[in-house]
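Colleague: Would you please take a close look at one part of this model and explain it step by step for a student in the first year? A few words on the whole chain beforehand would help to place that part.

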Amino acid sequence: MSSVLKHEAKSLDKRVGPKDTQKTWLGALSWLFLAAGVLLRLAQWLNNRSLWFDEAMLARNIIARNPFELLAPLDYAQAAPVLFLCLVKAATVLFGSGELALRFVPLCASIVGLVVFLLLAKQFLESRYVPIALFLITTSPILIYYSQELKQYSVDVAVTLSLTYSFFRLLKSDPPRKTHLIGLCVLGSVATFLSHPSVFILASIATTLIVMKCCKQLNISFGRLFLIMLPWVVGQGVNYILFLRPISANKALLAHWQDGFLPLPFNVVAVKTWYYTASRFLSFSGFPVHWHVYVWLLVAIALGYAIRRKSARLLMIAMCIVYALAASVLGKYPFWDRLILFAIPLLILYAVLGLQVVSREGPAVVRSILALILVAPYLVWLPSTLIPIQHEEVKPLVAYLDLNRQSDDHVYVYYGAWPAVQYYYRNKQRDEAFWHCGRSSRDDRSVYLADMDTMRQWHRVWFLFAHGHLDEEDFFVSHMDGSLVEKHVEHGASLYLYDFSQSGANKAVASK
């Protein structure tokens with residue numbers, strides 16, 4: 001009996017060795033980071049901050065239109081994928097038009113992105129480096145921020161990761177399984193209408209599959225490849241003709257994103273622009289300036305490893321960025337800030353892969369130090385992810401105004417605060433005679449002076465400011481010819497009450 005027990009114990013030791021135990025702990029750590037990332041996003045969503053300028057303008061489009069009307073170009077210089085708009089519209093129909101409902105789709109997309117990133121990282125990296133990648137993406141301040149922003153950018157991230165994971169899964173078997181082929185075909189067709197940068201991912205996947213087939217590295221016929229990609233091409237064509245072409249002709253949007261179009265790097269100025277864009281991208285991703293060289297070095301090592309190994313999967317990810325840069329050079333897609341949020345997880349994967357390559361043969365202490373250097377900025381940012389996000393807190397000021405405004409008080413709303421005010425008064429009655437929307441005149445401030453002259457004819461006027469440009473709020477305040485009765489300041493917004501009964505203009509009227 002004892003010999004049998006010893007034999008079973010030895011067999012168990014073989015089945016569950018130190019490596020298996022290590023993998024179990026690493027897997028548990030990855031899921032722990034993922035759970036923490038979900039909780040961080042839920043907490044920020046439940047914080048329910050005020051809608052700010054851009055969000056409020058998009059919300060007005062979604063609330064005021066039915067699903068069919070959302071197919072037309074949006075008002076107020078807004079642009080978003082049509083399927084994203086319809087999903088948000090569905091959320092408002094189900095849950096109402098409050099901030100939580102409007103931000104429900106971005107929240108869900110962000111959580112889906114975390115789960116898919118974990119699945120992708122397990123195929124992309126060795127098991128001991130997966131928790132590092134998970135920690136970076138779950139604690140990324142910018143990814144947490146856009147998980148509760150009424151914009152499509154967290155959806156871009158989820159779509160990018162889903163397409164990439166679907167491509168990786170396709171290559172796991174040779175020949176590829178029919179279910180994987182159909183899944184990638186359907187996902188690519190839907191992604192076209194859900195995420196604008198999905199075109200770069202689909203183009204990268206298509207290019208990689210065609211090259212692999214030509215090099216006899218893919219056991220599939222050209223006919224099947226054609227059938228998979230045809231719906232993508234048709235979908236992109238329909239999407240461009242019906243939805244993207246009007247956006248590309250919008251002069252206001254083009255002017256706003258003009259700095260995001262890269263020049264051909266053929267002179268010193270153009271090279272500096274590329275360098276500045278790359279640096280800005282890393283800073284936007286959460287890496288401070290002193291980390292840029294280290295991160296780019298890791299990315300370069302990962303790229304060299306992919307080229308040396310002739311790994312189609314690894315090179316496909318790099319190709320996504322190449323296509324995005326090419327579109328920027330052609331003036332079709334700005335490589336700038338939130339429009340390239342989709343590329344942050346790809347950057348993280350490549351940086352951690354570079355870390356894996358450079359520290360693979362080194363001792364554990366060296367691996368730990370190199371990993372700690374990479375995650376150090378995110379460790380510094382970690383406490384800030386626990387602080388409720390605020391942007392332009394108009395909501396509490398509107399609530400205070402409702403409670404304290406007298407019936408004959410006038411309200412002047414600075415033009416940058418007007419979209420949010422309109423959103424928060426969507427279900428309330430406003431006497432238009434007492435409400436005044438300021439005019440946007442950044443280049444000619446005499447218009448602001450004229451607005452204030454008009455306000456001085458009333459005795460009590462509330463001034464609400466948000467989304468200010470430079471020192472425009474200070475300009476207004478410095479030219480007030482009245483008595484300040486109250487002042488209330490919230491993050492990114494402020495409310496003033498002035499009494500003009502003793503102002504010079506009203507005294508002159510009274511003397512007459």
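Modeller: In the protein chain, the mean position of the 47 positive charges and that of the 34 negative charges are 17 Å apart. The model is a predicted one, and its protein chain has 512 residues, of which 49% are buried. The C-alpha atoms fill a box of roughly 110 × 55 × 50 Å along the principal axes. The chain exposes about 24,600 Å², and carbon and sulfur atoms supply 65% of that area. Among the contacts with a separation of 6 or more, 75% join residues that are 24 or more positions apart.

The chain contains 23 helices and 5 strands, and the part I have chosen is the sheet. Strands of a sheet pair through backbone hydrogen bonds, in either a parallel or an antiparallel manner. Here, 5 strands form an open sheet with mixed pairing, and their order is β2-β1-β3-β5-β4. At the edges stand β2, residues 435–437, and β4, residues 483–490, each of which pairs on one side only. On average, neighbouring strands of this sheet are turned by 15° against each other, if direction is ignored.

One pairing may be followed in detail. Strand β4 pairs with β5, residues 493–499, in the antiparallel sense over 7 bridges. Within this part of the sheet, Ser 483 stands opposite Asp 499 in β5.

A helix belongs to the picture as well. Helix α19, residues 395–404, lies across β1 (410–413), β2, β3 (460–466), β4 and β5. The direction of α19 is at about 170° to that of β3.

For a view at the level of a single residue, one may turn from the sheet to Ile 63, which lies in helix α3, residues 53–64. Is Ile 63 buried or exposed? Its relative accessibility is 29%, and because values from 20% to 50% fall between buried and exposed, Ile 63 counts as partly exposed. Apart from its neighbours within four places in sequence, Ile 63 is in contact with Lys 89, Ser 97, Tyr 423 and Arg 426. Ile 63 and Val 88 are 25 residues apart in sequence, while their C-alpha atoms are 9.4 Å apart in space.

Notes. Residues numbered from 1 in each chain as written. Predicted model: local features only at pLDDT ≥ 70, side-chain atom pairs only at ≥ 80, totals over all residues. Heavy atoms only, no water. Helix = DSSP H or I, 4+ residues; strand = E, 2+ residues; numbered from the N terminus. Buried < 20%, exposed > 50% of the residue type's maximum accessible area, 1.4 Å probe, protein only. Contact = heavy atoms within 4.5 Å. Areas by Shrake-Rupley, 256 points an atom, 1.4 Å probe, with all protein chains shown as cover. Lys, Arg positive; Asp, Glu negative; His and termini not counted. Charge placed at Lys NZ, Arg CZ, Asp CG, Glu CD. Pairing = 2+ DSSP bridges. Axes fitted to C-alpha atoms, helices over the stretch in contact; angles between N-to-C directions.
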